Amino acid sequence: LVTWNVGTASPPPDVTSLLQLDSLGPTMDMYVIGLQEVNSRITNFLSDMAFDDPWSIFFMTVLSPLGYIKLSSVRMQGLLLLIFVKHVHLPFIRDIHTHYTRTGLYGYWGNKGGVTIRMSLYGHTVCFMNCHLPAHMENTEQRLDDFEKILEMQFEGENIPSTLDHDLFWFGDLNFRIADYGIHFVRESINNKRYNLLWEKDQLNMAKKKEAFLQDFIEGPLQFKPTYKFDLYSDVYDTSEKKRKPAWTDRILWRVKNLCQNASKEGKFSEEEQTISVTLNNYISHMSYGISDHKPVTGTFGLEVLSQLCYPLVTLNPEGEWSAEHDVLISYSAVPEFPSSAWDWIGLFKVTFRHTNDYVTYAWVEDDEVSSNKDSKQVYMSAAEIPDLGGEFLLGYYSNNLQSIVGISQPFQV
């Protein structure tokens, strides 16, 4: 999970270390990328509504060759939230909804607020919330009020639980500052790596002790330098006339719903009841990035889930050898409870596809059906639509009712 206030800058040349693409451990299953202050001049914003913005294109270009697809995104002015997942998880992610909440300028201007994506992940409700809260030392109460307002927002749709009934990740430029201490003490503590001297005067830590709605949120230890405010392309704190006091403005917190519910019911919780565990593997800042006055922060989490979904809704296979010389067949079968629609389609995708609409061609499951029995159905694709050059592809079944890919084939050669 990444949070980064990019200060209206363009993407950097390389994000290998930010996304930990060079790490020796297992590769990530999912990337959740929350940006603030993405360039949002009105002209940019309007053109970005029709096309992906430069940051989305940039991350797709980096991640799609590695087998990740953009699952969902939501943008409000300068706030952008992107989620990428490995292909293999697509059929087990359902009910994706996005939302945004404006809080800047009495809710009329979207320069501050929150953008949110929720989903059912292997049967568990998970929600990601990227926020940009009001700036300045004296606005702690306003930050808390705005976050409470964002928390209270509801997703539109039937039977979608409220935000707090999800396992919730809250992150962004939360703009909390270090109170009371003067700039010299703060800078001296940072230079000596004695960050712990500053923790108790961090406004978010102070608020968590007294605000009931924050008490279930957990954060990793702040073992890195405050990430605001730096001179561009340097690791030197603000040398301008304003000489802003350093602060941990960029944060990642989480709240596990089962822990909260079980703790409140029992006063304790048992292993059996806890269907999910969230483990923080690392919580770090990335000092080498200098495009803005904030340093990006990442949290790497392990999510342990008792899967409530063991099988995809639809299983797909390409039949026989595929080439552009003849029409080809796809066979598929769906589980009995699958809510199919005449608007469902099966797409042929390159293995490096970027998002759901990035198909090479598609077949309508009803219009292009050639045979059907109780166990499986067959659909044809015209030879004219198959790429002459060939390569490695996969098939994905898109459900119009569920607005997502609900089945994906193994990669195969054309």
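In which strand does T3 lie? In this predicted model, T3 belongs to strand β1. With a relative accessible area of 0%, T3 falls under the 20% limit and therefore counts as buried. The side chain of T3 reaches the backbone nitrogen of G172 at a distance of 3.4 Å. Beyond residues up to four places away in sequence, T3 touches G34, Q36, F171, G172, D173, D250, R251, I252, P296 and V297.

One of these partners, D173, lies in strand β8, which spans residues 167-173. D173 has a relative accessibility of 1% and so is also classed as buried. When residues up to four places away in sequence are left out, the residues touched by D173 are T3, N5, Q36, C131, H132, L133, T249, D250 and H294. D173 and N205 are separated by 32 residues in sequence, and their C-alpha atoms are 15 Å apart in space.

Helix α2 covers residues 54-63, and its buried residues are W55, S56, F58, F59, M60 and L63. The cover over these buried residues includes four strands: β1 (2-5), β2 (30-36), β3 (68-76) and β4 (79-86). At the N-terminal end of α2, D53 acts as a cap, with a side-chain oxygen 3.0 Å from the backbone nitrogen of W55.

The largest nonpolar core holds 48 residues, and the members that touch the most others are F128 and F169. Domain 1 (2-304) and domain 2 (314-413) each supply at least three residues to this core. Apart from neighbours within four places in sequence, F128 is in contact with L1, M30, V32, L81, I83, V115, T116, I117, M119, F169 and F171. A second core, separate from the largest one, consists of 23 residues, among them V6, L19, V38 and Y68.

The final feature is a pocket. Rolling a probe the size of a water molecule over the atoms shows where empty space is left. The largest pocket has a volume of about 710 Å³. Its lining is made up of 28 residues, and those nearest the centre of the pocket are M28, D29, M30, F301 and G302. Two or more lining residues come from each of β2, β11 (276-285) and β12 (297-305). The largest share of the lining, 7 residues, is given by β12. M30 thus appears in two settings: M30 is in contact with F128, and M30 is among the residues nearest the centre of the largest pocket.

Terms used. Residues are numbered from 1 along each chain as its sequence is written. This is a predicted model: local features need pLDDT of at least 70, side-chain atom pairs count only at pLDDT 80 or more; totals for chains, interfaces and linings use all residues. Side-chain values use heavy atoms; hydrogens and water are left out. Buried means under 20% relative accessible area, exposed over 50%, partly exposed in between (1.4 Å probe, protein chains only). Contact means heavy atoms within 4.5 Å. A polar contact is a pair of N or O atoms within 3.5 Å; within protein, one must be able to donate a hydrogen and the other to accept it, and residues adjacent in sequence count only if both atoms are side-chain atoms. A nonpolar core is a set of buried Ala, Val, Leu, Ile, Met, Phe, Trp, Tyr and Cys residues joined through side-chain atoms within 4.5 Å. Domain bounds come from an automatic or database domain assignment. On a 1 Å grid over the protein atoms alone, a cavity is a set of points where a 1.4 Å probe fits but cannot get out, and a pocket is an open set with protein on both sides within 12 Å along at least five of seven lines; lining residues have an atom within 4 Å of a point. Grid points are joined across faces, edges and corners, and a volume is the space filled by probe spheres set on the points.
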